[in-house]
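Biologist: Please take one part of this model and examine it closely. I should like a connected account of that part and of the open space in the structure.

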Amino acid sequence: MDVKRMLEGKVAIVTGGTRGIGFSIVKKFLNAGASVVLCGSRQESVEKALGALKEENSEYPVTGMWPELTDYAAVEKAAAEVKEKFGKIDILVNNAGISARESIYDYKPEDFARIMNLNVNAVFYFIRAVVPYMKEQGGGSIVNTSSVVSLKGQAAGCGYPTSKFAVNGLTVSLARELGKDRIRVNAVAPGVTRTDMVAALPEEMVKRISAAIPLARVGEPEEVADAFLFLASDMASYVTGEVLSVDGATIP
Ligand code: NAD
């Protein structure tokens with residue numbers, strides 16, 4: 001299939017689309033022919049991302065919104081607005097997420113709740129809000145962002161891996177529940193990926209991280225976005241309930 005037409009005619013929502021992995025997903029989807037609604041946490045960051053995309057290609061069919069993802073009513077309203085404007089929602093990418101590395105001895109319950117609210121509850125909220133539309137229109141594709149830490153955990157900051165284990169749980173459970181409605185649900189589990197956060201690390205540290213990866217380097221956001229493109233597209237029409245690692249075979 002021609003990559004430029006992989007998502008031709010599709011309408012996609014991408015949360016956390018303003019930077020990092022999400023921004024690459026948005027670009028990849030636009031270049032594959034989709035109309036994309038990019039969600040971010042603030043109006044300024046959404047407008048900045050839209051500006052950067054339009055500078056690259058003023059014809060990109062991309063718009064933005066900034067619903068409070070941890071508020072179900074706001075998410076439901078955002079989904080209804082997309083449906084109203086485009087007539088359908090084919091693809092939902094739940095990518096917004098935060099991480100933390102506190103020790104359990106310092107972990108504040110409110111910090112644990114904050115991470116679960118965005119990384120898990122908001123994923124459930126957006127899925128809950130779009131599936132009635134997807135069912136009504138005869139199907140859809142949902143792709144969630146998990147993480148390499150969803151397989152073996154991490155040695156500090158238990159909230160983050162816990163949230164990503166939950167993302168995997170939602171993914172495989174909903175794949176089973178929604179298959180009959182022709183809605184596929186998958187996840188991508190990136191390893192360490194060169195987003196702003198990683199770019200800010202000292203080169204020495206990046207080298208140390210890379211040494212534990214069989215492919216001997218960290219991943220690029222575009223490489224992770226390719227997995228989203230595949231799972232979102234009809235090329236993956238018989239793939240559901242999968243958590244696809246894109247981590248160079250990282251040994252946790
Ligand atoms: P990033 O910090 O560069 O981008 C995060 C995105 O989430 C931004 O678009 C931001 O606007 C959005 N966001 C953050 N808080 C939000 C909030 N409260 N409400 C709405 N949106 C919010 O992150 P990234 O590294 O690109 O990570 C994207 C996803 O990939 C996350 O789910 C993260 O857990 C996952 N991930 C990243 C890596 C990595 O190495 N970068 C590895 C594994 C998994």
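**Aromatic pairs, a helix and two pockets**

Modeller: In this predicted model, the count of aromatic pairs comes to three. Ring pairs join Y72, F124 and Y125 into a cluster.

The part I have chosen for a close look is helix α6, which covers residues 159-178. With 20 residues at 1.5 Å a residue, α6 should span 28 Å, and its end C-alpha atoms are indeed 28 Å apart, so the expected and modelled lengths agree. The buried residues of α6 include G159, Y160 and P161 at its start, and among the others are V167, N168, L170, T171, L174, A175 and L178. An α-helix has 3.6 residues a turn, so residues three or four places apart point the same way. The cover over the buried residues of α6 includes the helices α4 (109-137) and α5 (149-152), together with the strands β5 (140-145), β6 (183-190) and β7 (243-246).

The largest pocket holds about 1,700 Å³ of space. Its lining comprises 48 residues, and those closest to the centre are I98, S99, Y160, T195 and M197. Helix α6 is one of the elements that give two or more residues to this lining, alongside α1 (20-31), α5 and α7 (196-199). By class, the lining of the largest pocket has 22 nonpolar, 20 polar and six charged residues.

The second largest pocket holds about 310 Å³. Of its 17 lining residues, G140, R182, R184, D234 and S237 lie nearest the centre. Strands β5 and β6 each give two or more residues to that lining, which divides into five nonpolar, seven polar and five charged residues.

Notes: Residues are numbered from 1 along each chain as its sequence is written. This is a predicted model: local features need pLDDT of at least 70, side-chain atom pairs count only at pLDDT 80 or more; totals for chains, interfaces and linings use all residues. Side-chain values use heavy atoms; hydrogens and water are left out. Helices (H or I, at least four residues) and strands (E, at least two) are DSSP runs, numbered from the N terminus. The expected span of a helix is 1.5 Å times one less than its number of residues. Buried means under 20% relative accessible area, exposed over 50%, partly exposed in between (1.4 Å probe, protein chains only). Contact means heavy atoms within 4.5 Å. Rings of Phe, Tyr and Trp (its six-membered ring) pair if their centres lie within 6.5 Å; planes under 30 degrees apart count as stacked, over 60 as edge-to-face and the rest as tilted. On a 1 Å grid over the protein atoms alone, a cavity is a set of points where a 1.4 Å probe fits but cannot get out, and a pocket is an open set with protein on both sides within 12 Å along at least five of seven lines; lining residues have an atom within 4 Å of a point. Grid points are joined across faces, edges and corners, and a volume is the space filled by probe spheres set on the points. Ala, Val, Leu, Ile, Met, Phe, Trp, Tyr, Cys and Pro count as nonpolar, Asp, Glu, Lys and Arg as charged, and the others, Gly among them, as polar.
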